[in-house]
Amino acid sequence: MRTAGKKVILRAVEAQDEGLLQSLIHDPEIVRVTGGYRNAGFGTGRADWFRSVSGGFGGLRRIIADPAEEEIGLGIIMLSHVNDERKTAEIYIKLKKEARGRGYGRGAVALLLSRAFGELGLRRVCANILEHNAASLSLFEACGFQREHVQNARADREGHCQKVYGYGISKEDWRTGRK
């Protein structure tokens, strides 16, 4: 399913996007600020991994693209850990370096929240952001998310512990634009 906004479109993950997804996983800057993925897309499980990214898994994954060149992916945005009973989910986003700071992230978050609160009937969306991920902290605050809690210890790949900030936005706050 394709969702269009002024700045971006969100489209289904397709076979042509495997290279984009692999580059996002292996980008050292993204790994540093997100903690990366463990064993994603490696060895004999690579095809299975790609199918899980592009298919249904109890969430929603969409490629972020510019409407002028929608076949070229700029990043990925996801809703995961969807809880149908509580009507909640978590949101994650990763953008290629050349797409950062150009409004694509904000447009993608706005579109995904519209779908989450409108079509999917969610009541709350949360984001977990590592303390030194300044770009994501800024992005989610600009999109109306509020910091709700801090977890004190999560080890990154090098074993360094860092804080994880828990952000959230409710359907009501999103609808009214409250910050």
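1. In this predicted model, Trp174 is partly exposed, at 30% relative accessibility. The ring of Trp174 pairs with that of Phe117, with the centres 5.3 Å apart and the planes at 45°, so the pair is classed as tilted. An angle of 45° is neither under 30 degrees, as stacked requires, nor over 60, as edge-to-face requires.

2. The partner ring differs in its surroundings: Phe117 is buried, with a relative accessible area of 1%. Phe117 belongs to helix H4 (residues 104–117) and Trp174 to helix H6 (residues 171–176), and the contact links distant parts of the chain, 57 residues apart.

3. The whole structure contains two aromatic pairs. Besides Phe117 and Trp174, Phe140 and Phe145 form a pair that is edge-to-face, at 4.9 Å centre to centre and 80° between the planes. Both Phe140 and Phe145 are buried.

4. Charged groups also sit over rings. For Arg147, the charged end lies over the ring of Tyr165, 3.9 Å from its centre. For Lys7, the charged end lies over the ring of Tyr104, 5.0 Å from its centre.

5. On salt bridges, the structure has seven. One of them joins the side chains of Arg2 and Glu70, at 2.9 Å from N to O. Arg2 lies in the segment before strand E1 (3–4), while Glu70 lies in the loop between strand E3 (60–65) and strand E4 (73–83), so this bridge ties together parts 68 residues apart in sequence. Arg2 is partly exposed at 46% relative accessibility, and Glu70 is partly exposed with a relative accessible area of 27%.

6. Another salt bridge pairs the side chains of Glu119 and Arg115, again with N to O at 2.9 Å. Its two ends fall into separate accessibility classes: Glu119 counts as exposed at 54% relative accessibility, whereas Arg115 counts as buried at 12%. Elsewhere, Arg11, Glu14 and Asp17 are joined into one network by salt bridges that share partners.

7. The side chains of Lys96 and Glu98 also meet in a salt bridge, at 3.4 Å from N to O. Lys96 has 19% relative accessibility and therefore counts as buried, the cut-off for that class being under 20%.

Key. Residues are numbered from 1 along each chain as its sequence is written. This is a predicted model: local features need pLDDT of at least 70, side-chain atom pairs count only at pLDDT 80 or more; totals for chains, interfaces and linings use all residues. Side-chain values use heavy atoms; hydrogens and water are left out. A salt bridge is a side-chain nitrogen of Lys or Arg within 4 Å of a carboxyl oxygen of Asp or Glu. Helices (H or I, at least four residues) and strands (E, at least two) are DSSP runs, numbered from the N terminus. Buried means under 20% relative accessible area, exposed over 50%, partly exposed in between (1.4 Å probe, protein chains only). Rings of Phe, Tyr and Trp (its six-membered ring) pair if their centres lie within 6.5 Å; planes under 30 degrees apart count as stacked, over 60 as edge-to-face and the rest as tilted. A charge sits over a ring if NZ of Lys or CZ of Arg is within 6 Å of the ring centre and within 35 degrees of the ring normal.
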